[in-house]
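Me: I would like to go through this model and ask, for some of the labels put on it, what they rest on.
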Amino acid sequence: MKDLVPFGGDNLISILTAISLLLPIGAILVRRSMWRWSLAALVVYYFQFFLFSFFPENYVSTGDQPIQLIQFSHVLIDLPLVLLFMHFFAEDGRTRSRIRRSLMGWVAWGIILIATMGLTQRITPYLMGPGILLAVAFSVGFFVKHLQSGIHDRWETGKAFMAGSLVFLYGSYLVIFFIRYVMKLHDEGETYLLFQVSTLISAWLMTAGLILNRKRPQKRPLDDKARDRNIILTNWGDFQFK
C-alpha cells in the first residue's frame, strides 16, 4: 500500500464523507426518545461504513489482505443492515414480512454462491447486484409513500427525507454497478468520486430526516372533570334546541 496521501481534491471529499457518516449516528444518539431496534441497525450500518471509508484511500496503512477482508465484509453486511433498518418505515405486518423474506432469499443466494464459487471476491458482483436492486425497490416504495403522506401530514416529512436518502444512495450505487460490471468501464477515479459524493449527500439527507422526524402526538384521554364538562355542554346544547 502507498503511504498516506495529503489532503486535496478527491481526498478532501473522502475526509468530508467519512465525517458525514458520523452525523446520522450522532442524531440518533441525541434523539434517544425516538430509539427503536431498527435504528440500532442504522447505527451499526453507518459505523461500519465509517470504518470502511478509510481504507480505499489508504488513510490507514496496512496490508492488502486486511483491506480486502474489510471491503468484502462490508459487502456481506451492508444489505442485511439496511433491510433491518427499513423495518422503521414498515407500518404493517405484510410489509415487514416482505422485508424478512427478501433478506432470507438474499442470504440463501449468498450461501449458494459461496458453496459454488467459494468465499472470494469473485462473488461480489453476483451478490451486490440483487442486493442493490432490493434496496432500491424498498426505498423507492417507502419514499413515495411518505412523500405523499408528508404533503398532508408534516409528521411524515422526516421519514420522507430518510427514505429519500436511501433512494439517492442506492440509485447511485446502481449506476456505479452498471458502469463497472455491465459496461465494464474501469474508470476508478470517476466511479470512486461518484461513490463518495453520493454517500456524502445521502448521509446529510439521512441526518436531516432523523432531526425532522417526530412522533405523532397522541390525543390525551379526557380526565374526569373534562369529561363531565363535555357532558354538561352537550346536554345544554340539546336542551337549547328542544
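Me: What makes R94, R98, R100 and R101 a patch of positive charge on the surface?

Reply: This is a predicted model, in which local features need pLDDT of at least 70 and side-chain atom pairs count only at pLDDT 80 or more, while totals for chains, interfaces and linings use all residues. Residues are numbered from 1 along each chain as its sequence is written, and side-chain values use heavy atoms, with hydrogens and water left out. A charge patch joins like charges within 9 Å, taken from residues with over 30% relative accessible area and no salt bridge, and Arg counts as positive. R98, in helix α5 (residues 93-117), has a relative accessible area of 44%, so this residue passes the 30% cut-off.

Me: Why is K159 called buried, and E91 partly exposed?

Reply: Buried means under 20% relative accessible area, exposed over 50%, and partly exposed in between (1.4 Å probe, protein chains only). K159 is at 11% and therefore counts as buried, whereas E91, at 46%, is partly exposed.

Me: How do you know that K159 and E91 form a salt bridge?

Reply: The term requires a side-chain nitrogen of Lys or Arg within 4 Å of a carboxyl oxygen of Asp or Glu, and the closest N and O atoms of K159 and E91 are 3.9 Å apart, so the pair qualifies. This pair links helix α7 to the loop between α4 and α5, 68 residues apart.

Me: What makes E91, K145 and K159 one network?

Reply: They are joined by salt bridges that share partners, since E91 also meets K145 in a salt bridge at 3.4 Å, N to O.

Definitions and conventions: Helix = DSSP H or I, 4+ residues; strand = E, 2+ residues; numbered from the N terminus.
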